[in-house]
Amino acid sequence: MEQTTKQTNVFKGVIASSGIAIGKIFLIEEEEEFAIVPRKIPKQNVKKEVGRFKIAVAGVTEELAIAKKEIIKVFGKEHSLLADAHLLMLEDPLLNRDVIRRINEEGVNAEYALWTVVEKVVQSFEKIDDEYFRERKNDIQEIGKRIMRQLTGPYHRAIAEAGKGSIIVAHSLGPSDTIKLKERNVGAFVTDVGGRTSHIALFAQDLDIPAVVGLKNLTLTANHEDDIIVDGNQGLVILNPDEQTLGNYKREYDSQIAEKHELEKLRDLPAQTSDGHRVALACNVDSPEEVKTVLNSGSEGIGLLRTEFIYLKENKMPSEEQQYEICKKVVHKMLPYSVIIRTLDLGGDKLMQMGFEGFTHESNPFLGLRAIRLCFKYPEIFKAQLRAILRASKEGKVKIMFPMISSVEEFKRAKKYLEEAKSELQNKGLEFHEKIEVGAMIEIPSAALTADLIAREADFLSIGTNDLIQYTFAVDRMNESVAYMYEPMHLAILRLIKRIIDAGHQAGKWVGMCGEMAADTSFTSILVGLGLDEFSIPPIAVPKIKKAIRSITLADAQDLAREVLSNNDREAAVSAIRRNHIT
Ligand code: PEP
Ligand code: MG
């Protein structure tokens, strides 16, 4: 990194994934707010930049022509006037010629040239007395936005241009962007919005790259290509660091790498306490590409395969066959270990595009038609997934897990669909593992409080603390303004966990945890002491959790659990946990 003379700025956000990264900013411009960053285009690339603009205009022309056809078909010819007007505006030299001139003469990027021209045209329209003509400024803006969208594309298209090791700075990132983040091998990412367990944060942990979220308005200060340090250990982002800061962080980065190598030595050792109590250590996986990392991590299988990627990757409904192929591949690769496949846990946005017909906007998606509820509303989609998983169960060791279960009735209903899916396969003569194990995720307080009833019906329970904490404290896990309330180290949570584990054991079932809490060494001792049978965590966390488990005794862990749970004083509980924190 070159030494910079630019102003150093430090931002504090929410830790999403630990580690240090040092590099150059790849700024994702916020499309809706049009925080367009001017960029100098090297002379030899100016022609290409003009070409980009022309392609974008052609793209909008095509878009409008298709829209016009649709409008005529659905509403009649008289309603196509607006599309015609927009098509005419696209050809207007006022817009076209000026943008191209700016790119050529000023050597600026197409986005910036376009937006300055649009603003100029809008301003001139605002001066017109006639109301009708004055209002045409909205049309110009709309056209401008459409071209802009063609230029920048959805976020993931912009990310596709990021160089290896670059640091993504964005207002927010959607689930489909995550696939691009992986493909581009980025060094880290930071976002204005988001909380500690937002899915994008979990994705960063799985990818083993540092991330800080909830930085509020970092994107307004950050410049494309500027130097940046991401300190995922402290939730800090440093723009244009001075020499001394840079030196300190480079040393920290080196020792981080050395520690990683040290932990790798633990890979082939079992996850057992020093007095011989063995626990299972599995991984959370968000995409099939991670399977290799899982196999290298020293874990024993997949404790949570989030299947959402299958739906989000193409942004459309996958067929049963496609789902089967994906599941089969993962299951095969993981042999001799088992894979717990969680059924679809989607909600909120994205659904309409994917074939969930009749899905309407929800103001509170986390409390709405999410996960198993969505599957109940769309049983054919649900059963297609179940059939795919069942068929894959023939190819290796598979278990099924239902997310967002709120009651035993709901769990039974999900199992009924599973039985239907089995009969459908039987009717077609397709094979599957008849006695496939079925588990319930316990991540809603109502399920935690009735875990004894659910445990009787399930083969295993898996505690989803990310949501359990969210729903227990009524605190949105994505909202940085209330991130301080998101507190795993609270008696409310610890009591619920104890209750779930005890309920499972009384019914003779094993209990795992696939929420983030399982990957935090502060809680390893108390969770072992409470009797947790399985830790399912991001692959990156496997060595440190294994090290933590191997450095305690079951007896001490049980003492700690007793001390913390019998003590009604929160401060005392926190300090006991901290005293036993294994680093
Ligand atoms: C959880 O809620 O703890 C969990 C593991 O599921 P997700 O993070 O995918 O909601
Ligand atoms: Mg969850």
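Here is a short chat about ligand 1 and the space around it in this predicted model.

Mentor: Quick housekeeping: residues are numbered from 1 along each chain as its sequence is written, and chains are lettered from A and ligands numbered from 1 in the order written. The model is predicted, with local features needing pLDDT of at least 70 and side-chain atom pairs 80 or more, while totals for chains, interfaces and linings use all residues, and side-chain values use heavy atoms, leaving out hydrogens and water.

Trainee: What makes the Arg342 pair with ligand 1 a polar contact?

Mentor: A polar contact is a pair of N or O atoms within 3.5 Å. An N or O atom in the Arg342 side chain is 2.9 Å from an oxygen atom of ligand 1, so the pair qualifies. A polar backbone atom of Asn466 is 2.8 Å from a ligand 1 oxygen, and a polar side-chain atom of Asp467 lies 2.9 Å from one.

Trainee: How much of ligand 1 does the protein cover?

Mentor: 100% of the 290 Å² of accessible area that ligand 1 has on its own, by the Shrake-Rupley method with a 1.4 Å probe.

Trainee: Why are seven residues of the shell around ligand 1 called charged?

Mentor: Because Asp, Glu, Lys and Arg count as charged, and seven shell residues fall in that class. The shell also has four nonpolar and five polar residues.

Trainee: Which element gives the largest share of that shell?

Mentor: Helix 19, with three residues; a helix here is a DSSP run of H or I, at least four residues, numbered from the N terminus. Helix 19 spans 465-473, so that cut-off is met.

How values were computed:
Polar contact = N/O pair within 3.5 Å; in protein donor to acceptor, adjacent residues only side chain to side chain. Helix = DSSP H or I, 4+ residues; strand = E, 2+ residues; numbered from the N terminus.
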